[in-house]
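I set out to look up a few local features here and to write down what I found, entry by entry.

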Amino acid sequence: MQARISRIGTSLGVIIPRHITKEGGFQKGLPVDITLENDKIMISKVPDVRKGWAEAFAAYAKNGEDALVMPDYLDSEAIDLI
């Protein structure tokens, strides 16, 4: 499929056809990485680095593994270091 480059303000842009956005899972507002590799513009989704965190922390809490590693207060020795 061919497309034309259009002027968008002071930048240039290409309209991504709907079937490609649906197949690739791209949505309005989704952050993307844009790179240039061997004269090809590559657009890819930014990985969600926190995906699954909520479930993982819920599992920790369920198993009783969510105890504080450090106290939530400062003792006198720590205050002297500040």
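**Pocket.** I began by asking which elements supply the lining of the largest pocket. In this predicted model, strand 2 (11-13), helix 1 (18-24), strand 3 (32-37) and strand 4 (40-45) each contribute at least two residues to that lining. I noted a volume of about 660 Å³ for the largest pocket, and I counted 19 lining residues, of which Val14, Ile15, Ile16, Ile41 and Ile43 lie nearest the centre of the pocket. Sorted by class, the lining has 15 nonpolar and 4 polar residues, and no charged ones.

**Hairpin.** I then turned to strand 3 and strand 4, which run antiparallel and are joined by 6 bridges. Looking up Ile34, I found its bridge partner in strand 4 to be Ile43, a residue that I had already listed among those nearest the centre of the largest pocket. The two strands form a hairpin with 2 residues between them, and I checked the backbone there with one expectation in mind. Most residues other than glycine have a negative phi. Asn38, in the loop between strand 3 and strand 4, nevertheless has a positive phi near 50°. Asp39, placed in the loop between strand 3 and strand 4, likewise is not a glycine and has a positive phi of about 65°.

Are these loop residues buried or exposed? I read a relative accessibility of 75% for Asn38, and because the cut-off for exposed is over 50%, Asn38 counts as exposed. Asp39, at 78% relative accessibility, therefore counts as exposed by that cut-off too.

**Rings.** Next I looked for aromatic pairs, and the count came to 2. Trp53 and Phe57 form an edge-to-face pair, with 6.2 Å centre to centre and 85° between the planes. Both Trp53 and Phe57 lie in helix 2 (residues 53-62), 4 residues apart, which is about one turn of the helix. Phe57 also pairs edge-to-face with Tyr60, at 6.0 Å centre to centre and 65° between the planes; these two residues of helix 2 are 3 residues apart, again about one turn. I therefore recorded Trp53, Phe57 and Tyr60 as a cluster linked by ring pairs.

For the accessibility of this cluster I looked up two members: Trp53 counts as partly exposed at 42% relative accessibility, and Tyr60 counts as partly exposed at 40%.

**Charge over a ring.** My last entry concerns Lys45, which lies over the face of Phe26, at 5.8 Å from the ring centre.

Conventions
Residues numbered from 1 in each chain as written. Predicted model: local features only at pLDDT ≥ 70, side-chain atom pairs only at ≥ 80, totals over all residues. Heavy atoms only, no water. 1 Å grid on protein atoms, 1.4 Å probe; cavity = no way out; pocket = protein on both sides within 12 Å on 5 of 7 lines; lining within 4 Å. Points joined across faces, edges and corners; volume = space filled by probe spheres on them. Nonpolar A, V, L, I, M, F, W, Y, C, P; charged D, E, K, R; others polar. Pairing = 2+ DSSP bridges. Buried < 20%, exposed > 50% of the residue type's maximum accessible area, 1.4 Å probe, protein only. Phe/Tyr/Trp six-rings, centres within 6.5 Å; stacked < 30°, edge-to-face > 60°. Lys NZ or Arg CZ within 6 Å of the ring centre and 35° of its normal.
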